[in-house]
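Please open the structure in your viewer and keep the selection tool at hand. This tour goes from the whole chain to smaller selections, one stop at a time.

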Amino acid sequence: DWIMQNHIEEAVQNIRAQVGDEEVILGLSGGVDSSVAAALIHRAIGEQLTCVFVDHGLLRLHEGDMVMEMFAGKLHAKVVRVDASELFLRELAGVSDPEQKRKIIGRLFVDVFKAEAEKLKAARPGSKGAQWLAQGTIYPDVIESGGAKSKKAVTIKSHHNVGGLPEQLGLKLLEPLRDLFKDEVRELGVALGLPHDMVYRHPFPGPGLGVRILGEVKKEYAELLRRADAIFIEELRSTIEPHSGKSWYDLTSQAFAVFLPVKSVGVMGDARTYDWVVALRAVQTSDFMTADWAELPYALLKKVSSRIINEVRGINRVTYDVSSKPPATIEWE
Ligand code: XMP
């Protein structure tokens, strides 16, 4: 609408005034905030923006291709895709403590991003390289960093601003979404032409599947989990709740599969199986501080379970998590 177009125009003018003819780099994660920030900054300064998309190997199925198709393909933004999955898996080998895993993932993320920023600079001798680091910080992040409420909040924050990265890189910080609430960021994203499904996605934690594979992270586990999770999400999106006319994806705040490093006995045809277990998690919440487990229809759970067991060889049992927060958390780690 007209008001939104005015907002965009004003934001674009502000970005141009701030940046001038200098260059900007931005870490694209596929999440709503960094995506909307990228689309807005690209609208303002086009080729002066370079997005760096670090694939840590712990993303959802086809996530990397989707991000590339959207930003490089449709928006024609400059995007560098870095496949760092081998590095992340190597450094995570043998580590099973959740906070330790978070720390390793956060540190490697910073290292890879920094190395990429330096490479970009070295690739063009004579150019000053990027002077600005753009981040999709939104208003609630600004408030949260004023006084972190819990240890977890500190962790979440430190991952979000990738640990003092602007200072480490000697870059100025560009945060065009700083004054916006989440719903405003989403409206802005739609107005900038991002697909509805991308803008209204469930949140996904920075450490990704790293905290949804319990204990030690292995490539094999990540591959099984990605496929199970994709089936769950696909069925949530395609199952409409008749009274509201909305999909179960839109009726839940966050939903995903969790890999349990536990084997259980099953039977397939006339053979015995001894395979892995996944748990499905779906919650409804307004603030993610408290959350209820979602009362998904049995028919939906039944379909998801039978699809996962039939389609994902290596998983022979699916469970549904009926724990609310508190005392459980939304994630399992
Ligand atoms: P919990 O599990 O604490 O999660 O109930 C609350 C919300 O925070 C997300 N979450 C994270 N996000 N880095 C993130 O970027 C993290 O380390 C992290 N841990 C939890 C979680 O997905 C949920 O939306």
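The stops below begin with the overall fold, move on to the domains, and then turn to a helix residue and a group of strands.

**The whole chain**

Begin with everything selected, bearing in mind that this is a predicted model. Coloured by secondary structure, the protein shows 13 helices and eleven strands. Its radius of gyration is 21 Å, close to the 20 Å that the globule rule gives for 333 residues, so the protein is as compact as a globular protein of that length. If you turn the view along the principal axes, the C-alpha trace spans about 70 × 45 × 40 Å. Buried residues account for 35% of the 333 residues, and among the contacts between residues at least 6 apart in sequence, 73% join residues at least 24 apart.

**The two domains**

Next select residues 2-199 and colour them as domain 1, then give residues 212-320 another colour as domain 2, following the domain assignment. The C-alpha centres of these two domains lie 29 Å apart. Where they meet, ten residues of domain 1 are in contact with nine residues of domain 2; on the domain 1 side, the touching residues comprise five nonpolar, three polar and two charged ones.

**Ser 34 in helix 2**

Now select helix 2, residues 32-45, and pick out Ser 34 within it. Is Ser 34 buried or exposed? Ser 34 is buried, because 22 other C-beta atoms lie within 10 Å, and the cut-off for a buried residue is 20 or more. Leaving aside residues up to four places away in sequence, Ser 34 touches Leu 26, Gly 27, Leu 28, Ser 29 and Gly 136. Add Cys 51 to the selection as well: Cys 51 is 17 residues from Ser 34 in sequence, and their C-alpha atoms are 9.8 Å apart in space.

**Strand 9 and its partners**

Finally, select strand 8 (residues 254-268) together with strand 9 (residues 271-284), which pair in the antiparallel sense over 13 bridges. Within this pairing, Gly 266 has Thr 273 in strand 9 as its bridge partner. The two strands form a hairpin with two residues between them, and in the turn you can find Gly 269, which has a positive phi of about 65°.

Keep strand 9 selected and add strand 11 (residues 315-320), which pairs with strand 9 in the parallel sense over five bridges; here Leu 280 has Tyr 320 as its bridge partner. Which strand is joined to strand 9 by two bridges? That is strand 10 (residues 292-293), running antiparallel to strand 9, and in strand 10 Asp 292 stands opposite Gln 284.

Conventions: Residues are numbered from 1 along each chain as its sequence is written. This is a predicted model: local features need pLDDT of at least 70, side-chain atom pairs count only at pLDDT 80 or more; totals for chains, interfaces and linings use all residues. Domain bounds come from an automatic or database domain assignment. Two residues are in contact if their C-beta atoms, placed from the backbone, lie within 7 Å. Ala, Val, Leu, Ile, Met, Phe, Trp, Tyr, Cys and Pro count as nonpolar, Asp, Glu, Lys and Arg as charged, and the others, Gly among them, as polar. Helices (H or I, at least four residues) and strands (E, at least two) are DSSP runs, numbered from the N terminus. A residue is buried if 20 or more other C-beta atoms lie within 10 Å of its own, exposed if 12 or fewer, and partly exposed in between; C-beta atoms are placed from the backbone. The radius of gyration is taken over C-alpha atoms; the globule rule is 2.2 Å times the number of residues to the power 0.38. Two strands pair if DSSP finds at least two bridges between them.
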